[in-house]
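Open your viewer and get ready to click along. We will go from stop to stop, selecting something and then looking at what is there.

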Amino acid sequence: CESAGRPPVPLTPAGLVVGDPDTGGVAPELPAARAEGFGIHKVFYRGSRYVGRRPDGTHSRSGPGSRDDVLGWFAGRGFEAGSMLHLACHGVVQTDPATMSSYLLLAGGDRLRAEELVRTMADHPERAIALVVLAACRSGVSPHGYDEAYSLGTAFLATGVRAVLSTQWSIPDRDT
């Protein structure tokens, strides 16, 4: 209810798009996800920063799509930081009680956990974000129970992001 009652944040042509960061062999490559991310960047958010791999597999000069790239974007200010985040990468949910976690798998195999997203956003309460797209497997699934009470998607909502798109299941890269 608190999230729904917040004033809207206008979308800008700037933001951050992450496309299939090189996980260093920890997870399979996602060539369709990198094409998706690059296409989103070129068609809808030309003013955004694109990090990760380009459709041809080369690395973006703007960054590898690392944990630091994403966390640094949250600390950005002004128009150039933008109001949109698109994450076309691996999402992982571990439900085993000993390793329970929900995270994004980024460059070098780094993990960005839902809890860390909440802490980072809490450190930047002035940061207004209109839209987060989690084109990452199971990013709407909570490892803490049967509902989506605390998933990667709801972690963004809890920190003030106005709209979040996430997935409830695994997404086959090639077919998608």
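One term will help on this tour: a residue is called buried when its relative accessible area is under 20%, exposed when it is over 50%, and partly exposed in between. Try the term out on Ala-35, which sits in helix H1. Its relative accessible area is 39%, so Ala-35 counts as partly exposed. Keep in mind throughout that you are looking at a predicted model.

**Stop 1: the whole chain**

Show the protein chain as a cartoon. You should find 4 helices and 8 strands. Following the sequence, the elements come in the pattern β-α-β-α-β-β-β-β-α-β-α-β. Now colour the chain by burial: of its 176 residues, 49% are buried.

**Stop 2: strand E3**

Select residues 84-88, which form strand E3. How many of the residues of E3 are buried? The count is 5 of the 5, so the strand is largely enclosed by the rest of the structure. Turn the strand to look at its two faces. On one side are Met-84, His-86 and Ala-88, on the other Leu-85 and Leu-87, and all of them are buried.

Next, add the strands that pair with E3. Strand E1, residues 15-19, runs parallel to E3 and is joined to it by 5 bridges. Within this pairing, Leu-16 has Leu-85 as its bridge partner, and Val-18 has Leu-87. Strand E7, residues 131-134, also runs parallel to E3, with 4 bridges between them. Here, click on His-86 to find its bridge partner in E7, Val-133.

**Stop 3: strand E1 and what lies on either end**

Stay with E1 and select it alone. Its residues are buried too, 5 of 5. Gly-15, Val-17 and Gly-19 make up one covered face, while Leu-16 and Val-18 make up the other. Besides E3, strand E1 has parallel E2 as a partner, joined by 4 bridges. Pick Gly-19 and you will see Gly-52 of E2 opposite.

Now step back to the segment before E1 and select Thr-12. With a relative accessible area of 18%, Thr-12 is buried, because the cut-off is under 20%. Display the side chain of Thr-12: one of its polar atoms lies 3.1 Å from the backbone oxygen of Ala-14.

Then go the other way, into the loop between E1 and H1, where Asp-20 is found. Asp-20 has a phi near 40 degrees, which is a positive value in a residue other than glycine. Is Asp-20 buried or exposed? Asp-20 is buried, at a relative accessible area of 1%.

**Stop 4: helix H1 and its surroundings**

Select helix H1, residues 31-43. Return to Ala-35 and add Arg-54: they are 19 residues apart along the chain, and their C-alpha atoms are separated by 7.0 Å.

Now show the aromatic side chains. The structure holds 3 aromatic pairs. Take the rings of Phe-38 and Tyr-50: the centres are 5.2 Å apart and the planes stand at 90 degrees, so this pair is edge-to-face. Since Phe-38 belongs to helix H1 and Tyr-50 to strand E2 (residues 49-52), the pair ties together parts that are 12 residues apart in sequence. Phe-38 is partly exposed, at 22% relative accessible area, whereas Tyr-50 is buried, at 4%.

**Stop 5: a cluster of rings**

Select Trp-73 and Phe-74. Their ring centres are 5.4 Å apart with the planes at 65 degrees, so these rings also form an edge-to-face pair. Trp-73 counts as buried at 7% relative accessibility, and Phe-74 is buried at 0%. Add Phe-156 to the selection, and you have a cluster linked by ring pairs.

**Stop 6: the largest pocket**

For the last stop, show the surface and look for the largest pocket, which has a volume of about 190 Å³. Of the 13 residues lining the pocket, select the ones closest to its centre: Ala-33, Glu-36, Ala-135, Ile-171 and Asp-173. Which helix gives the largest share of the lining? Helix H1 does, with 3 residues. Colour the lining by residue type to see 9 nonpolar, 2 polar and 2 charged residues.

Definitions and conventions:
Residues are numbered from 1 along each chain as its sequence is written. This is a predicted model: local features need pLDDT of at least 70, side-chain atom pairs count only at pLDDT 80 or more; totals for chains, interfaces and linings use all residues. Side-chain values use heavy atoms; hydrogens and water are left out. Buried means under 20% relative accessible area, exposed over 50%, partly exposed in between (1.4 Å probe, protein chains only). Two strands pair if DSSP finds at least two bridges between them. A polar contact is a pair of N or O atoms within 3.5 Å; within protein, one must be able to donate a hydrogen and the other to accept it, and residues adjacent in sequence count only if both atoms are side-chain atoms. On a 1 Å grid over the protein atoms alone, a cavity is a set of points where a 1.4 Å probe fits but cannot get out, and a pocket is an open set with protein on both sides within 12 Å along at least five of seven lines; lining residues have an atom within 4 Å of a point. Grid points are joined across faces, edges and corners, and a volume is the space filled by probe spheres set on the points. Ala, Val, Leu, Ile, Met, Phe, Trp, Tyr, Cys and Pro count as nonpolar, Asp, Glu, Lys and Arg as charged, and the others, Gly among them, as polar. Rings of Phe, Tyr and Trp (its six-membered ring) pair if their centres lie within 6.5 Å; planes under 30 degrees apart count as stacked, over 60 as edge-to-face and the rest as tilted.
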